[in-house]
Amino acid sequence: MYYDVIMAGFGGQGIQVMSQIAAVAAIKKGFNVTYLPSYGVEKRGGRTNVTLVIADEAIGSMVTNHPKCVIAMDTVAVDKYQKLVAPRGLLIMNSSLAPDSMLHRDDIEPLALRCNDEAQALGSAMLSGMIALGAFLQRSGILGFSDVESVMEDVTPERLIKTIPANLEAIRRGIEIAANGSARSARE
């Protein structure tokens, strides 16, 4: 098994945290993992992305040219990374911030989720990344909810421990949306 994903958006959407959760959960599950974060000096509002590779074999490079999945949390990320998704790959797009009209490939599986709207319904737009993480868990099939739940305290900074229940609720919601097909298809 070899699965690579690029998660991208802007600072404050939880890109770094959601990728750390997935990386640590994959390591704990016994997979080999490479984790390549990129972000500017700004914490909020600057561009941020992570390339994550999870495999049950040796990983030759942490760089990926055509990932099996891209999680794009805004228009800039959709514009930049959609073209890189491998044929038959998965594009999870935050359609709260990026219009469906941006999706133009017929050879990939688009999953347009209104991450910000769903997060806001749970009480905070800051949970949008966790909605996307839940969808990633459901669609990739590599990790389950219990895998990420078991590492939340390891990954979450002490000052944010109180946010774990809300983050877990958002992950559950993302899994639910991706599983029941209620997410809007980009082609509808």
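Leaving aside its neighbours within four places in sequence, which residues is Leu-91 in contact with? The first legend below answers this for a model that is predicted.

**View 1. Leu-91 sits in strand β5.** Leaving aside neighbours within four places in sequence, Leu-91 is in contact with Val-70, Ala-72, Gln-82, Val-85, Leu-103, Ile-108, Glu-109, Pro-110 and Leu-111. Leu-91 counts as buried, because its relative accessibility is 0% and buried means under 20%. Now look for Val-17. Leu-91 and Val-17 are 74 residues apart along the chain, and 19 Å separates their C-alpha atoms.

**View 2. Ala-8 belongs to strand β1, which covers residues 2-10.** Ala-8 is buried, with a relative accessible area of 1%. What does Ala-8 touch, leaving aside neighbours within four places in sequence? The contacts are Ile-15, Thr-48, Asn-49, Ile-71, Ala-72, Met-73, Ala-77 and Tyr-81. Pro-37 gives a sense of scale. Ala-8 and Pro-37 are 29 residues apart in sequence, and their C-alpha atoms are 9.9 Å apart in space.

**View 3. Helices α4 and α7 cross at roughly 50°.** Two packed helices are described by the angle between their axes and the distance between the axes. Here α4 spans residues 128-140 and α7 spans residues 164-180. Their axes come within 6 Å. The crossing angle makes α4 oblique to α7. The crossing of these two helices, α4 and α7, is right-handed. On the α4 side, the contact is made by Met-130, Ile-131, Leu-133, Gly-134, Ala-135, Leu-137, Gln-138 and Arg-139. On the α7 side, it is made by Asn-167, Ala-170, Ile-171, Arg-173, Gly-174, Ile-175, Ala-178 and Ala-179. Sorted by class, the contact of α4 with α7 has ten nonpolar, four polar and two charged residues.

**View 4. Leu-137 is a residue of helix α4.** Is Leu-137 buried or exposed? Leu-137 is buried, and its relative accessible area is 3%. Not counting residues up to four places away in sequence, Leu-137 touches Leu-143, Gly-144, Val-148, Ile-171 and Ile-175. Two of these names, Ile-171 and Ile-175, also appear on the α7 side of the contact in View 3. Gly-14 is a partner for a distance check. Leu-137 and Gly-14 are 123 residues apart in sequence and 16 Å apart in space, C-alpha to C-alpha.

**View 5. Helix α1 packs with α4 at an angle of about 35°.** Helix α1 runs over residues 15-28. The axes of α1 and α4 are 9 Å apart. The crossing of α1 and α4 is right-handed. Which residues of α1 and α4 meet? From α1 come Val-17, Met-18, Ile-21 and Ala-22. From α4 come Gly-129, Met-130, Ala-132 and Leu-133. By class, the contact of α1 with α4 divides into seven nonpolar residues, one polar and no charged.

**View 6. Asn-116 lies in helix α3, residues 115-121.** Asn-116 is buried, with a relative accessible area of 18%. Leaving aside neighbours within four places in sequence, Asn-116 is in contact with Asn-94, Ser-96, Leu-97 and Ser-128. Ile-131 is 15 residues away from Asn-116 along the chain. The C-alpha atoms of Asn-116 and Ile-131 are separated by 8.4 Å.

**View 7. Cys-69 and Cys-115 do not form a disulfide.** A disulfide is a covalent bond between the sulfur atoms of two cysteines. How many disulfides does a search of the whole structure find? The search finds zero. Why is Cys-69 not bonded to Cys-115? The closest cysteine sulfur to that of Cys-69 is in Cys-115, 12 Å away, so the pair is too far for a bond. The cut-off used for a disulfide is within 2.5 Å. Seen from Cys-115, the closest cysteine sulfur is in Cys-69, again too far for a bond. Cys-69 is buried, with a relative accessible area of 0%. Cys-115 also counts as buried, at 0% relative accessibility.

**View 8. Arg-88 lies in the loop between α2 and β5.** Helix α2 covers 75-81, and strand β5 covers 90-94. What is phi of Arg-88 near? Phi is near 70°, a positive value in a residue other than glycine. Arg-88 counts as exposed, because its relative accessibility is 76% and exposed means over 50%.

Conventions: Residues numbered from 1 in each chain as written. Predicted model: local features only at pLDDT ≥ 70, side-chain atom pairs only at ≥ 80, totals over all residues. Heavy atoms only, no water. Axes fitted to C-alpha atoms, helices over the stretch in contact; angles between N-to-C directions. Helix = DSSP H or I, 4+ residues; strand = E, 2+ residues; numbered from the N terminus. Parallel < 35°, antiparallel > 145°, perpendicular 65-115°, else oblique. Left-handed = near helix turned anticlockwise from the far one by under 90°. Contact = heavy atoms within 4.5 Å. Nonpolar A, V, L, I, M, F, W, Y, C, P; charged D, E, K, R; others polar. Buried < 20%, exposed > 50% of the residue type's maximum accessible area, 1.4 Å probe, protein only.
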